[in-house]
Amino acid sequence: MKQVSGTCKFCKQVRVIQVPESYNEKDIDDEVTKHCTCESAMAEQTIQSIIACTESTIRQFFKDKGLELFEKTLLSLVEPMARRKVMKISMNAQNFTVSMKRKTGTIEVSLRVVNEEKVES
């Protein structure tokens, strides 16, 4: 570990922190930003937390279900949804409907099995 100074990418406040020897300047500034208490840094920390939690939830949710296309698609939309660029998505395939929507402070994922029977004469 080494003691270095870095800068918050939002408020430009300089802070001294301990980081691994392998960290470069960008890594150092990212680490300072993660621990900064300015409004923008804290908002980014919340977004990163939502992203990490939702990605983990999606991976666990779709584990062993054989729905890799749904999983990959939802994972690709987690960050835009966390940043409120996408608010809702819904997809249908086979007998499944999956949806993901942005809520206050979280992202909700749901999977419905659709068993529809139709008769025509």
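This is a short talk on the fold, the cores and a few residues of the protein shown above.

Hi everyone, and thanks for coming. One thing to keep in mind from the start: this is a predicted model.

Let's begin with the overall layout. The protein has three helices and five strands. Reading from the N terminus, the order is β-β-α-α-α-β-β-β, so please keep that string in your head while we walk along the chain.

What about the overall dimensions? Along the principal axes, the C-alpha atoms fill a box of roughly 75 × 25 × 15 Å. The radius of gyration is 20 Å, whereas a compact globule of 121 residues would come out near 14 Å. As for burial, 31% of the 121 residues count as buried. The accessible surface is about 8,500 Å², and carbon and sulfur atoms account for 48% of that. For those of you who think about contact maps, take the contacts between residues at least 6 apart in sequence: 30% of them join residues at least 24 apart.

A quick word on charge. There are 19 positive and 17 negative side chains, and the centres of those two sets are 4 Å apart.

Now to the inside. In soluble globular proteins, nonpolar side chains tend to be buried together. Here the largest nonpolar core has 19 residues, and the members that touch the most others are Ile58, Phe62, Leu74, Ile89 and Met100. Which elements give two or more residues to this core? They are helices α2 (39-62) and α3 (68-82), together with strands β3 (88-93), β4 (96-103) and β5 (106-113). Helix α3 gives the most, with seven residues. Apart from this core lies another one, of nine residues, including Ile17, Val19, Cys36 and Cys38.

Let me zoom in on Met100. Setting aside neighbours within four places in sequence, its contacts include Ile58, Leu74, Leu77, Val78 and Met81. Met87, Lys88, Ile89, Ile107, Glu108 and Val109 are also on the contact list of Met100.

Another methionine worth a look is Met91, in strand β3. Is Met91 buried or exposed? Its relative accessibility is 16%, so Met91 counts as buried, the cut-off being under 20%. Beyond residues up to four places away in sequence, Met91 touches Phe70, Thr73, Leu74, Phe96, Thr97 and Val98. If you want a distance to check on your screen, Met91 and Glu108 are 14 Å apart, C-alpha to C-alpha, with their positions 17 residues apart in sequence.

Buried residues here include a charged one too. Glu44 sits in helix α2, and Glu44 counts as buried because its relative accessible area is 16%. Leaving out neighbours within four places in sequence, Glu44 is in contact with Phe10 and Arg83.

Finally, two backbone details for the torsion-angle fans. Asp64, in the loop between α2 and α3, has a phi near 65 degrees, a positive value in a residue other than glycine. With 74% relative accessibility, Asp64 counts as exposed. Arg84, in the loop between α3 and β3, also has a positive phi, about 60 degrees, although Arg84 is not a glycine. Its relative accessibility is 42%, so Arg84 counts as partly exposed.

That's my tour; thanks for listening, and I'm happy to go back to any of these residues.

Notes: Residues numbered from 1 in each chain as written. Predicted model: local features only at pLDDT ≥ 70, side-chain atom pairs only at ≥ 80, totals over all residues. Heavy atoms only, no water. Helix = DSSP H or I, 4+ residues; strand = E, 2+ residues; numbered from the N terminus. Rg over C-alpha atoms; globule rule 2.2 N^0.38 Å. Buried < 20%, exposed > 50% of the residue type's maximum accessible area, 1.4 Å probe, protein only. Contact = heavy atoms within 4.5 Å. Areas by Shrake-Rupley, 256 points an atom, 1.4 Å probe, with all protein chains shown as cover. Lys, Arg positive; Asp, Glu negative; His and termini not counted. Charge placed at Lys NZ, Arg CZ, Asp CG, Glu CD. Core = buried A, V, L, I, M, F, W, Y, C linked by side-chain atoms within 4.5 Å.
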